[in-house]
Structures are given as C-alpha cells and as structure tokens.
Amino acid sequence: MLLLSRSEFDSLLKLYIEADAVQEKARTLSYIASSPDPDVVKEALDLILNDENREQDTVYVTARMSLEGRETAWIWLKPRNWDVIVKRWGQGMVFHRFNRDIVTPFSSDEMAEQVEEFFSNRVTPLFVRILKQSIEKIQIKARWIDKIRQGGISYT
C-alpha cells in the first residue's frame, strides 16, 4: 500500500480538485487516505463529507486507508461525525462499507469493546447484523493474535 507524505497528499488533493473526469477523481480518492499521518487522514475524511463529492466515491477513501489511518478514522467518526454520516447516507450500502472499512480491521478485544459500547445506543434493526459481524471479526482476530503471542500456532 502506498503511504502518502503530507506533500504527496497535497499534490493528490490539487489533482483531485482540478480533475474533470469522474474516473480521475475516483482514482485520486482511492489513494488520498493511505497516509499514516493522522492530520492527513482527518483531512481526507473531512473531504468525503464535502457536498461536492459523489456519495458512491466515499468508499474509495475508506477502502485504501492505512492501518494507522483506521484508528484516526475511528476517533474522527465517534461523537463528532457519526450523526453527520447517518444523516447524509442513512444506513445504506455506503454507510455499511464505511463501517466495514473503518471498524472491521481492528484486532483487539479492547477495540471490540469500544465498538460495541459506541454503537450500543446507535444501532437500528438494519445495522444490527452488520455490527455484530464486525465485532465478531475483531474478536476472532484478537484471539488469533493472542494464540500467536502465546506460541500456540506453529508454522513449521
């Protein structure tokens, strides 16, 4: 995965703003949040909330996000932007992809608990199953990592 520096992000942002072709904008967005720099990731996420962006292009930002960026995105998502996202996208496909790309990659019991706690009073019937699957995936990865750390998995 390409990890962007601040100057590379600025160059991509300029390219994105100046691009006329929808495909070029989408391609640019697909790399824009791949930086490990929290400030760059926040700016990329703020960009997707801009009214000038097409709703379906949002997933290009979250799908290519760096692992460090996902933690920044989780912090960005919580209280400040959650209501904005729900209001803007409802709980349709873009909303589910957004959740999957940011929440599901986590791999610790602590993050599973944070996710469960945050969504405990924000879940709708449409979102329950997807949230449950995301939390289960986080817990499975956490158990797998624990087994590796304890020497329970051998690759020889």
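This is a short tour of the core, helix H3 and the largest pocket in a predicted model.

Let's start inside. The largest nonpolar core holds 40 residues, and Trp74, Phe98 and Phe119 have the most contacts within it. Plenty of helices chip in: each of those in the table supplies at least two residues of this core.

| Helix | Residue range |
|---|---|
| H1 | residues 6–18 |
| H2 | residues 22–32 |
| H3 | residues 38–48 |
| H5 | residues 67–77 |
| H6 | residues 82–89 |
| H7 | residues 93–103 |
| H8 | residues 109–119 |
| H9 | residues 125–149 |

H3 gives the most to this core, with 6 residues. As for Phe98, leaving aside residues up to four places away in sequence, its partners are Leu45, Ile48, Thr58, Thr62, Trp76, Leu77, Ile85 and Trp89.

Now for H3 itself. Val40, Val41, Ala44, Leu45, Leu47 and Ile48 are its buried residues. Looking down the axis of H3, you'd find these buried residues within an arc of 155°, so they line one face of the helix. An α-helix has 3.6 residues a turn, so residues three or four places apart point the same way. The buried residues of H3 pack against H1, H2, H4 (58–63), H5, H6 and H7. At the start of H3, the backbone nitrogen of Asp39 has a side-chain oxygen of Asp37 within 2.8 Å.

Last stop, the largest pocket, with about 200 Å³ of space. Its lining is made up of Tyr16, Ile17, Val22, Lys25, Leu47, Asn50, Glu52, Asn53, Arg54 and Asp57. H1 and H2 are the elements that give two or more residues to that lining. Leu47 turns up here too: it lines the pocket and is one of the buried residues of H3.

How values were computed
Residues are numbered from 1 along each chain as its sequence is written. This is a predicted model: local features need pLDDT of at least 70, side-chain atom pairs count only at pLDDT 80 or more; totals for chains, interfaces and linings use all residues. Side-chain values use heavy atoms; hydrogens and water are left out. A nonpolar core is a set of buried Ala, Val, Leu, Ile, Met, Phe, Trp, Tyr and Cys residues joined through side-chain atoms within 4.5 Å. Buried means under 20% relative accessible area, exposed over 50%, partly exposed in between (1.4 Å probe, protein chains only). Helices (H or I, at least four residues) and strands (E, at least two) are DSSP runs, numbered from the N terminus. Contact means heavy atoms within 4.5 Å. The arc is that of the directions from the helix axis to the C-beta atoms. A polar contact is a pair of N or O atoms within 3.5 Å; within protein, one must be able to donate a hydrogen and the other to accept it, and residues adjacent in sequence count only if both atoms are side-chain atoms. On a 1 Å grid over the protein atoms alone, a cavity is a set of points where a 1.4 Å probe fits but cannot get out, and a pocket is an open set with protein on both sides within 12 Å along at least five of seven lines; lining residues have an atom within 4 Å of a point. Grid points are joined across faces, edges and corners, and a volume is the space filled by probe spheres set on the points.
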